[in-house]
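Student: Could we go through this protein together, with the sequence and the fold side by side? I would like to learn how each answer is reached.

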Amino acid sequence: MADYVARKAVELGSILDPVKVVAQVLMYPFFIGSVPTHSEIKLANSYFYDKAMCILAWKLFLPEEEFSLDHPAANPLVPDRGPPLKLMPPTLTVVAEHDWMRDRAIAYSEELRKVNVDAPVYEYKDAVHEFATLDMLLKTPQAQACAEDVSIWVKKYISLRGHEFSY
C-alpha cells in the first residue's frame, strides 16, 4: 500500500509541492497477484498471514468494484501501470525468509533496479512477516539488525537531500 501511495505522489508531481517522496522503505510488502510465485505456493499457509488473510485485507482496502489480485495497489508487477518505474524514488525492500509474500517483493525490486532505481533488498534469515514490527519480536537479533540497517539506509537519503526530507 505504501508503494501505491508513493506511485500516486509521483504521478501528481508538482501538485504536491513542497511535499516530495525522495525515498521509500517497503517493510515486507503486502503484495499479491493472480499468478502465484514460488514463495506464495510454498509458504501460503504458514505463520502470521496466510493467503486468505491477505485476500481479505485487500478486499477491505479496495473498493468492491475494483477488487482484483492484480490491482496496481496489490500487484506492482502488473504491466502498463503508471507511472514508469524509472520515476520511482529509491526503494529499500525488507523481506523475511519465511514470508510467503517475499518473492513478489524481490521481483519488484529487481524491476526497479533494471531501470536504475536504487532498490536494494535486505533479506533476514529465520524471520517471518512483521518480524521487525511485532512487539513480541522486537528484541530478536533479526529485528535489531533490521532497525539498524533501515536507519543507515534512510539517513543516506536524508543527508543526500539536505533539508528537503525531515522526520
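Student: In which loop is I15 found?
Tutor: Please keep in mind from the start that this is a predicted model. To place a residue, we look for the helix and the strand on either side of it, and here these are α1, covering 2-12, and β1, covering 24-27. I15 is found in the loop between α1 and β1.

Student: Does I15 count as buried or exposed?
Tutor: The word exposed is kept for residues with over 50% relative accessible area. Because I15 has a relative accessibility of 65%, the residue counts as exposed.

Student: Which residues make the nonpolar surface patch of about 370 Å²?
Tutor: I15, which we have just placed in the loop between α1 and β1, is one of the residues that make this patch. Together with its partners, I15 makes a nonpolar surface patch of about 370 Å², and the full set is L12, I15, L16 and V19.

Student: Which two residues are joined by a cis peptide bond with omega of about 10 degrees?
Tutor: We stay in the loop between α1 and β1, since P18 is found there. The peptide bond that leads into this proline is cis, with omega at about 10 degrees, and the residues joined are D17 and P18.

Student: What is the volume of the largest pocket, and which residues lie nearest its centre?
Tutor: The volume of the largest pocket is about 220 Å³. Its lining has 10 nonpolar, 2 polar and 3 charged residues. Of the 15 residues that line this pocket, those nearest its centre are A9, V10, K20, V21 and L87.

Student: How many salt bridges does a search of the whole structure find?
Tutor: The idea behind the search is that side chains of opposite charge can pair when their charged atoms come close. When the whole structure is searched for such pairs, the number of salt bridges found is 9.

Student: How many residues apart in sequence are the parts that the salt bridge between R81 and D3 ties together?
Tutor: In this salt bridge the closest N and O atoms of R81 and D3 are 4.0 Å apart. R81 lies in the loop between α3 (51-61) and β2 (91-96), whereas D3 lies in helix α1, so the pair ties together parts whose separation in sequence is 78 residues.

Student: Which helices does the salt bridge between R104 and E40 tie together?
Tutor: The closest N and O atoms of R104 and E40 are 2.8 Å apart, and both residues are buried. These two residues are 64 residues apart in sequence, with R104 in residues 102-114 and E40 in residues 38-43, so the pair ties together helix α4 and helix α2.

Student: Which residues are linked in a network of salt bridges?
Tutor: We can begin with one pair, D103 and R102, whose closest N and O atoms are 2.9 Å apart. D103 is buried, and R102 is buried as well. Both belong to a network of salt bridges, and the residues linked in it are R102, D103, E123 and K125.

Student: Where is Y28 found, and what is its phi?
Tutor: Y28 is found in the loop between β1 and α2. With a relative accessible area of 5%, Y28 is buried. Its phi is positive even though the residue is not a glycine, and the value is near 35 degrees.

Student: Is N116 buried or exposed?
Tutor: N116 lies in the loop between α4 and β3, and it has a positive phi of about 70 degrees although it is not a glycine. The cut-off for the word we need is a relative accessible area over 50%. Because the relative accessible area of N116 is 71%, this residue is exposed.

Student: How far apart in space are Y108 and N75, C-alpha to C-alpha?
Tutor: Y108 has its place in helix α4, and at 0% relative accessibility it counts as buried. Y108 and N75 are 33 residues apart in sequence, while their distance in space, C-alpha to C-alpha, is 9.1 Å.

Definitions and conventions. Residues numbered from 1 in each chain as written. Predicted model: local features only at pLDDT ≥ 70, side-chain atom pairs only at ≥ 80, totals over all residues. Heavy atoms only, no water. Patch = residues over 30% accessible without salt bridge, like charges linked within 9 Å, V, L, I, M, F, W, Y side chains within 5 Å. Areas by Shrake-Rupley, 256 points an atom, 1.4 Å probe, with all protein chains shown as cover. Salt bridge = Lys/Arg side-chain N within 4 Å of Asp/Glu carboxyl O. Helix = DSSP H or I, 4+ residues; strand = E, 2+ residues; numbered from the N terminus. Buried < 20%, exposed > 50% of the residue type's maximum accessible area, 1.4 Å probe, protein only. 1 Å grid on protein atoms, 1.4 Å probe; cavity = no way out; pocket = protein on both sides within 12 Å on 5 of 7 lines; lining within 4 Å. Points joined across faces, edges and corners; volume = space filled by probe spheres on them. Nonpolar A, V, L, I, M, F, W, Y, C, P; charged D, E, K, R; others polar.
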